[in-house]
Amino acid sequence: MATELKRTDVAIVGLGAVGGVAALPLTQAGLDVIGLEAGSWLRAEDFAPDELRNNYRGWPQSVQKANLEIPTHRPTASAPYSPRLTIHPMMNAVGGTSLHYWAQSWRLSPWDFKVATETRRRYGASRIPKGSTVEDWPFGLEELEPYYDRVEREIGVSGKAGNINGRIDRGGNIFEGARAREYPMPPLRGSGFTDMMGEAARQLGWHAFPGPAAINSRSYQNRTGCVYHGFCARGGCHVNAKGSTAVTTIPKAVATKRLSVVTEAHVIRIDVGQNGRVSGVSYLKGGTEYFQPASVVLLASYTYENVRLLLLSKSKAFPGGLSNNHGQVGRHYFSHNTGGVVSALFPRSLNSWYGLPAQGVAVDNWADDNFDHAGLNFIGGGNLWIYSDRRPIAAASMSTFGRVPQWGSAWKAFIKENADRANTAYLQKTTLPYEDNYLDLDPSVTDPLGYAVCRITADFKENERAVAAFIQEKMAEWYRAAGATSTEKGPVGTMGPSTHAYGGTRMGDNPDTNVVNRWGFSHEVSNLGILGASIMGTSGARNPTLTAQALGWRSGEHLVKNWKAISE
Ligand SMILES: Cc1cc2nc3c(=O)[nH]c(=O)nc-3n(C[C@H](O)[C@H](O)[C@H](O)COP(=O)(O)OP(=O)(O)OC[C@H]3O[C@@H](n4cnc5c(N)ncnc54)[C@H](O)[C@@H]3O)c2cc1C
Ligand code: SF4
C-alpha cells in the first residue's frame, strides 16, 4: 500500500535539462511544485577531469538508473537485436544530463519548423522521403524566439549573433533565423587550430563562425568563466562554468520556496483517476512506495523514459498506456544522425591537448535548406563542427589512416608521432521520422524492478545516408583545404540508444498523428504535460537541448496563464 502524500499543484517527473528549466516559470508564478528526481544532488567537487572515470566507467553518476534500463534496439521489426550498450550516457542527478553534456546551445533554423511545406514548395511533394511521417511544427521559429532568448539568459549562453531582427552580422551565423538581441556573453575563445580551420573555410568561400555554448566565457550570474582545460566532454564542471540546470534554473526555483526537490525518487507510474484525468504519480524511495497527488503532472524524464512511463501507466481510461488511445505514443521516433564522422591527419601538431567540445568553429553552408537541393537526392543537410578536445585514451584509439597496422611497435610509433596531428569533426545531420521507426516496450527485457525496458525499432533510411555521404565529402574538402594529408570517413551506423533522441510523444495540432498539442499538453488528458525532445518532430542539424528547454519554458508559462482550465 503506497503512502499518500499532501497534494501539490504540479509534479515534475525528472529535474534534468528540461524539467529543471520548466520549474522556474511555475515557481516564479507562485505555484507549488514538487520535483521528483531519480538521482541526487551532485556538486562541483563531485566532478573530476578524469577521462577513465567520465568517459569509460559511466561516471559521474549519482544514481545508476539509466544504466539499468538501457533500451534494446533492432534496426527493423524482423531484424535481430543489436548488441546492447553497457553504459547509458544519460545522467541521473538533479540537473540531469545538463551536468555532463557538451553544452552546445543551438537554436533550430527557420526551415526546421516547416520541412514538409518548404520541401513541397521548393522541390515538389515527391521529394518528401518515402515512408517519412514528417509534419510541419504547429508554429514557426518566431513563436519560439522569446523563449530561446529567455533560456539563453537564465542558463547563460556564450555566442555571437548572426541575425538580429534581420540585420546580418558576419561575425555570427548568417543563416540563423532572426533573433531579438545579442547573446548574453561573447563566444568562447577559439584555439590556434579552430582559427586555422575558420580561415580555410573562408578560403573555400564558406562562412565560419563560433558556435553557441551554455558555458560562461566570462563571469556571469555569480559563476566563473571557463578555464578551457577540457576533460568535460562527459564530465561535470568543477568550477560551475557550465550552465547546467543544477547551478542555474533549479537553485533559482528553490529560492522562491515553491520548489521541493525530492531526490532518489524513482517514478514508476503516472496515475489516472475515475474521471480519466491524471491524479498524481507513484514513486519508490528507499524501498517505500509513495503516491504524490498533483493537479498537473509534467513528464520530463528524457525521450525513452517519457515513452516507457506512458506505456507502463495503463488504466481503465487508457488501456494501451497513458495518452495512447490514438496509438501515437512511441511513434515518429528518430535519433540524430551523428555517425558518419570524418577524421583527418595533418603534417604538424595541432595543439589540441586542451579545450572543450563546445569551443569550436562551425559551418552552416551545407545545413538544412541553406543550399539548392534541386539536383540532389536528399533533403536537409549538416552542421560541420570542428573543436579541440583531446584525451589520452581517445587519442590512443585514433585511426592509423591505413598507414600502419593497429598493433605492435609500428602502431606505437605512429601514435607517438601523430596523436596531436589528427582531428575528428562532429557532424550533425538532418534526420526524419518514418512510419516504421518507433519505440515500444520490450516483450522480454526488464529493469531490476521487473518493468519492461524501452525497445527501439529504427534505422537510418536512404535520405539520412545520402545526407551523410554529402556532408562527409564537404567535411573532407574543408580538412584538405586546411592542409590535411589524409582524411577518413566513418560508417553511418544504426539508430540505437542516443543522446539526441526525438519523437515518441510528438507535438502537433492533429491528435491522430501527435500525442501533445502545440503547448506540450496531452491531446487526451489535459492535465498532463510532456517536456523534452520527445515532443520534437524534426531535429535540424543541431543539438536539441536549448530547443527542448525553450519549449519547456513555453509549456510552463502556458500552464501558469491557463492554470484553472488545465488544472481543474
Ligand atoms: C555526453 C553528452 C553530451 C551532450 N552534448 C550536448 C550538447 O552539446 N548540446 C545539446 O543540446 N545536447 C547535448 N546532449 C544531450 C542533452 O544532454 C539532452 O538533450 C538533455 O539532457 C535532455 O534533457 P532532458 O531533461 O529531456 O533529459 P535529462 O537531462 O537526462 O533529464 C532527465 C531527468 O529525469 C530523471 N529521471 C529519469 N527517469 C526518471 C524516473 N522514472 N523518475 C524520476 N526521475 C527520472 C533523470 O534522473 C534525469 O535527471 C548531450 C548528452 C550527452 C550524454
Ligand atoms: S573546460 Fe570549462 S566547462 Fe569544462 S570543466 Fe573546465 S572550466 Fe568547466
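Trainee: Which residues are around ligand 2, and what makes a residue count as near a molecule?

Mentor: In this predicted model, the shell consists of Ile-215, Cys-226, Val-227, Tyr-228, His-229, Gly-230, Cys-232, Cys-237, Val-239 and Leu-356. They are listed because a residue is near a molecule if one of its heavy atoms lies within 4 Å of it. Local features need pLDDT of at least 70 and side-chain atom pairs pLDDT 80 or more, while totals for chains, interfaces and linings use all residues. Residues are numbered from 1 along each chain as its sequence is written, chains are lettered from A and ligands numbered from 1 in the order in which they are written, and side-chain values use heavy atoms, leaving out hydrogens and water.

Trainee: What makes the residues around ligand 2 nonpolar, polar or charged?

Mentor: Ala, Val, Leu, Ile, Met, Phe, Trp, Tyr, Cys and Pro count as nonpolar, Asp, Glu, Lys and Arg as charged, and the others, Gly among them, as polar. On that basis the shell around ligand 2 has 8 nonpolar, 2 polar and no charged residues.

Trainee: Why is the space taken by ligand 2 called a cavity?

Mentor: Ligand 2 takes up the second largest cavity. The word applies because a 1.4 Å probe, tested on a 1 Å grid over the protein atoms alone, fits there but cannot get out. A molecule is placed in a cavity if more than half of its atoms lie within 2 Å of its grid points. The second largest cavity has a volume of about 90 Å³, and its lining divides into 9 nonpolar, 2 polar and 1 charged.

Trainee: How many cavities are there, and how much space lies in the largest cavity?

Mentor: There are 5 cavities of 30 Å³ or more, and about 140 Å³ of space lies in the largest cavity. Its lining has 18 residues, with Trp-106, Arg-107, Asn-173, Glu-176 and Arg-542 nearest the centre. These lining residues divide into 8 nonpolar, 4 polar and 6 charged.

Trainee: What makes a pair of atoms at ligand 1 a polar contact?

Mentor: A polar contact is a pair of N or O atoms within 3.5 Å. An oxygen atom of ligand 1 lies 2.9 Å from an N or O atom in the side chain of Asn-92, so this pair qualifies. Taken alone, ligand 1 exposes 990 Å² (Shrake-Rupley method, 1.4 Å probe), and the protein buries 96% of that.

Key
On a 1 Å grid over the protein atoms alone, a cavity is a set of points where a 1.4 Å probe fits but cannot get out, and a pocket is an open set with protein on both sides within 12 Å along at least five of seven lines; lining residues have an atom within 4 Å of a point. Grid points are joined across faces, edges and corners, and a volume is the space filled by probe spheres set on the points. A polar contact is a pair of N or O atoms within 3.5 Å; within protein, one must be able to donate a hydrogen and the other to accept it, and residues adjacent in sequence count only if both atoms are side-chain atoms.
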